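I opened this notebook page to keep track of what I look up, one topic at a time, with the chain in view beside me.

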Amino acid sequence: MNIRNLFIFLILLAGQYNISAIPFDHIRKLNIDSDNLSVNIEDMTAIFEGNVRINFEGYSLFTAKIIINYQGEEINSIIMPGKIRLVKNCSDQVVIADRGEYNAKTEIIKLSGNVLIQKDDNFFKTTILYYHAKLNVNK
């Protein structure tokens with residue numbers, strides 16, 4: 001079964017817009033919950049809107065909307081055009097940003113706008129944060 005058919009099957013199976021096992025090299029399981037989901041087969045995009053929650057590898061990401069773009073059989077990018085809150089589960093670590101984008105080819109997450117990182121009582125504020133997911137390095 002090619003990824004396009006798998007993608008359509010998962011959308012139909014999802015019912016509550018919960019997708020598991022989207023193929024990232026470094027993220028083995030990604031669950032997405034939202035109020036609404038629209039899929040455009042022609043341009044291979046999926047748009048999750050309304051109370052979007054993404055759970056992956058011990059983290060939870062909250063936002064109003066995400067757009068997943070496919071290129072061929074692979075995810076090309078994930079765009080988060082609005083406010084983002086990323087929480088490390090079982091921790092006091094939180095990251096907040098105005099918007100974000102994940103590039104699957106480079107495996108870089110770019111957070112921009114008013115980016116705030118909080119751990120316990122410590123804060124770090126910046127306008128852009130690059131996270132190299134493959135290397136687990138901030139820049």
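The entries below go from the core to the strand pairs and then to single residues.

**Entry 1, the core.** I note at the outset that this is a predicted model, and I read every value here as computed from it. I looked up the largest nonpolar core and found that it has 25 residues. Those with the most contacts inside this core are Ile-32, Phe-48, Ile-54, Leu-61, Ile-66, Ile-68 and Leu-111. I then asked which strands each supply at least two residues of this core. They are β3 (45-56), β4 (59-71), β5 (74-80), β6 (84-88), β7 (93-97) and β9 (108-119), and the largest share, five residues, comes from β3. I add as background that in soluble globular proteins nonpolar side chains tend to be buried together.

**Entry 2, around Leu-61.** I took Leu-61 from the list of core residues with the most contacts and looked up its partners, leaving aside neighbours within four places in sequence. Leu-61 is in contact with Val-52, Arg-53, Ile-54 and Phe-56, and also with Met-80, Ile-84, Arg-85 and Leu-86. Arg-85 came up again when I looked for charges over rings, for its charged end sits over the ring of Phe-62, 4.4 Å from the ring centre. I also searched for aromatic pairs, with rings counted as paired if their centres lie within 6.5 Å, and by this rule the count comes to zero.

**Entry 3, β2 and β3.** Strand β2 (residues 36-40) runs antiparallel to β3 and is joined to it by five bridges, with Ser-38 standing opposite Ile-47 in β3. The two strands form a hairpin with four residues between them, and in the turn Met-44 has a positive phi of about 55 degrees.

**Entry 4, Thr-45.** Is Thr-45, which lies in strand β3, buried or exposed? I find a relative accessible area of 10%, and because the cut-off for buried is under 20%, Thr-45 counts as buried. Its side chain is joined to that of Asp-43 by a polar contact of 2.9 Å. Not counting residues up to four places away in sequence, Thr-45 touches Ser-38, Val-39 and Asn-40, together with Ile-68 and Asn-69.

**Entry 5, Ile-41.** I placed Ile-41 in the loop between β2 and β3. Its relative accessibility is 27%, so Ile-41 counts as partly exposed, given that this class lies between 20% and 50%. I also looked up how far Ile-41 is from Tyr-70: they are 29 residues apart in sequence, and 9.9 Å apart in space from C-alpha to C-alpha.

**Entry 6, the pairings of β9.** I went on to the partners of β9, beginning with β7, which pairs with β9 in the antiparallel sense over four bridges. Within this pair, the bridge partner of Ile-96 is Leu-116 in β9. Strand β8 (residues 99-103) is also antiparallel to β9, joined by five bridges, and Asn-103 stands opposite Ile-108 in β9. The hairpin of β8 and β9 has four residues between the strands, with Glu-107 in the turn at a positive phi of about 55 degrees. Finally, 10 bridges join β9 to the antiparallel strand β10 (residues 122-132), where Lys-125 is the bridge partner of Leu-116. Here the hairpin has two residues between its strands, and Asp-120 in the turn has a positive phi of about 55 degrees.

Notes. Residues are numbered from 1 along each chain as its sequence is written. This is a predicted model: local features need pLDDT of at least 70, side-chain atom pairs count only at pLDDT 80 or more; totals for chains, interfaces and linings use all residues. Side-chain values use heavy atoms; hydrogens and water are left out. A nonpolar core is a set of buried Ala, Val, Leu, Ile, Met, Phe, Trp, Tyr and Cys residues joined through side-chain atoms within 4.5 Å. Buried means under 20% relative accessible area, exposed over 50%, partly exposed in between (1.4 Å probe, protein chains only). Contact means heavy atoms within 4.5 Å. Two strands pair if DSSP finds at least two bridges between them. A polar contact is a pair of N or O atoms within 3.5 Å; within protein, one must be able to donate a hydrogen and the other to accept it, and residues adjacent in sequence count only if both atoms are side-chain atoms. Rings of Phe, Tyr and Trp (its six-membered ring) pair if their centres lie within 6.5 Å; planes under 30 degrees apart count as stacked, over 60 as edge-to-face and the rest as tilted. A charge sits over a ring if NZ of Lys or CZ of Arg is within 6 Å of the ring centre and within 35 degrees of the ring normal.
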